[in-house]
Structure formats: C-alpha cells, structure tokens
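Dear colleague,

I am handing over the structure we spoke about, with the sequence alongside. Please have it open while you read the notes below it.

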Amino acid sequence: MASPILRTLDPRGVATITFNRPEVNNAYDGEFIAGALGAMDALGKEPSLRVVVLCGAGRHFQAGADLKWIRSLAARSAGDNLAASRDTAMVVRRLNELPVPTVALVQGACFGGGTGIVAACDVVIAADNAQFAIAETRWGLMGGIIVPQLADAIGVRQVRRYAQTGERFDAHEARRIGLAHEVVPLAELDAAGARVVDHLLQNAPEGNAQTKAAALECAWGKMSDDTFARLVAQHAAKRQSAEAAEGLASFVEKRPAAWYRASA
C-alpha cells in the first residue's frame, strides 16, 4: 500500500511533501495525518533544510477530510475524537510555525482542511483550475482549528463569509482575498513554484527564519496553548453532535441535510 505522504529532500535543501491519496482527491484520514506529522518530524532533523514545498498527487491538491473516515471516527470514544482533532490541528500549527519558508502549489480541489494548509504556508501559487471551499458547516461540522490561520491569510471579514456560506470560489477569487499569491496556467504550476523557490534560496536562511518569526508574533495563528486546546476540544465535540450525524448522513445518502429549506 502506497504511503499517503511522500517526502524528498534535494541537495539544495529543498524538501517536497506530496499528498498521495489521489484515489480520494488527497482527502485526509488518520494515516494521512500521522504521515504528515512524521514528515515534519523527519525534516526537522535535517540541518540542510531550506524550503518546504507542498503539492498533491493527481488532479487535486487536497480535498479536506475524508468524510467516510470522519463518520467512522464520530462513532468512537470522545477521547479518540479529541486525539484526532488534536493531531489534525497540530499538522496546521506545525506547518504554520516551521522555521523555513513553505510554498504550496495548488491544483484542482482545495477544500476544508486544505484551505487551512495553504493558509499556513508562506507562499501559495494556484493553478487556474483550482477551486476552494471552507465547507465544514455544510456537513454539520466546524473548522475552528483552521480559523486562526485563515484569519491571517484572508482576514476575519472573508472568513465570516466563506466559512459560513461554504460556497466554492475559484483561483482568481482566492488571489483577490489573499489566500493565493499568484495564479498561473496549470501547465506552468511547477515552473512558477521553482521560480519562487529560487528566490527563497537566494536569501539568508537565518534572516528568513527571523523574519517569519517576527511576522508570526502578530498573527492570529500564533495562538496560546489554551486557545489551541479550546479549539481542538470544540472541533472534536462538534464531530459527535446531532448536527454532524445528520450532515454526514446527508453526504452518504446524497440528499440535502434536514436543516435546508429551499426557496419556493
């Protein structure tokens, strides 16, 4: 069975983390989360590390949570749910605070947790076919564990719209609101990423690390441990709520959720 997370490190110190569940649009589950944390553990021990690039195998970058996994997790203990939410939140928190520049190359779907991942990166380049959504509440869930990073990337005003409507928006809107820095044709995505990486490598590693740390001192995503724990607990509890049960059932049964009343 292929690993859900692949990593490489080239002689320049440029690491590439590839999300490798293309058969489910790189949706995350427990193994994916563990693999992402393991990749960051391993890269953290590499003294030559200069830049981390994130990309998705196949047609899509990262389509958020695997809702079949979420549904099975909701049936387990409260402790299991708390641990899963903590690990999920830790992926985004650790990515946000990596002491080296991070670059996300986004194609296709970037939904839910995927938007949290890109919001936690320093540079985001989107292909012109990229689609974004913060749609947790569509399924009776809530994305509180990624709201701090999203607030840093797109501002509270845009979070209040897109995290409550759940609507999809394209790469150009993502650039307009600040989630993406640049939009390029799909065929040019890798080349655009390589150009940014070269810019980053021309700059002093310690200088970049100190600059990033200084920026994070003023960021929503640089939250206290108490705030982190509260968001994790809220995220886990919501997964086991009646709303989540109905929302996830509507997903499986391919029907509108009970709370939806269409206009006449």
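What follows is an account of the sheet, three of the helices and one loop residue.

Please keep in mind throughout that this is a predicted model.

To begin with the sheet, six strands form an open sheet in the order E1-E2-E3-E4-E6-E9, and their pairing is mixed. Strand E1 (5–9) and strand E9 lie at the edges, each of them pairing on one side only, and neighbouring strands are turned against each other by 20° on average, with direction ignored. At the E9 edge, E6 and E9 pair in the parallel sense over three bridges, and isoleucine 125 has glutamate 182 of E9 as its bridge partner.

Helix H7, which covers residues 189–201, has 13 residues and reaches 19 Å from its first C-alpha to its last, close to the 18 Å expected at 1.5 Å a residue. Its buried residues are Leu189, Ala192, Gly193, Val196, Val197, Leu200 and Leu201. The elements that cover these buried residues include strands of the sheet, namely E2 (14–19), E3 (51–56), E4 (102–106), E6 (123–127) and E9 (182–184), and also helix H8 (205–216).

The other two helices can be taken together, since H1 (residues 30–44) and H3 (residues 78–97) pack at an angle of about 35° with their axes 9 Å apart, and H1 passes H3 in a left-handed crossing. On the H1 side, the residues that meet H3 are Ile33, Ala36, Leu37, Met40 and Asp41, while on the H3 side they are Asp87, Thr88, Met90, Val91, Arg94 and Leu95. Taken by character, the residues of this contact divide into seven nonpolar, one polar and three charged.

The length of H3 agrees with what is expected of it, because its 20 residues should span 28 Å at 1.5 Å a residue and its end C-alpha atoms are 28 Å apart. Within H3, Asn81, Ala84, Ser85, Thr88, Ala89, Val91, Val92, Arg93, Leu95 and Asn96 are buried; Thr88, Val91 and Leu95 are thus residues of H3 that are buried and that also meet H1.

Finally, glutamate 46 is found in the loop between H1 and E3. Its relative accessible area is 36%, so glutamate 46 counts as partly exposed, that class lying between the cut-offs of 20% for buried and 50% for exposed. Glutamate 46 and leucine 9 are 37 residues apart in sequence, and their C-alpha atoms are 9.1 Å apart in space.

With best wishes

Key. Residues are numbered from 1 along each chain as its sequence is written. This is a predicted model: local features need pLDDT of at least 70, side-chain atom pairs count only at pLDDT 80 or more; totals for chains, interfaces and linings use all residues. Side-chain values use heavy atoms; hydrogens and water are left out. Helices (H or I, at least four residues) and strands (E, at least two) are DSSP runs, numbered from the N terminus. The expected span of a helix is 1.5 Å times one less than its number of residues. Buried means under 20% relative accessible area, exposed over 50%, partly exposed in between (1.4 Å probe, protein chains only). Contact means heavy atoms within 4.5 Å. Axes are lines fitted to C-alpha atoms, for helices over the stretch in contact, and angles run from 0 to 180 degrees between N-to-C directions. A crossing is left-handed if the near helix is turned anticlockwise from the far one by less than a right angle, and right-handed if clockwise. Ala, Val, Leu, Ile, Met, Phe, Trp, Tyr, Cys and Pro count as nonpolar, Asp, Glu, Lys and Arg as charged, and the others, Gly among them, as polar. Two strands pair if DSSP finds at least two bridges between them.
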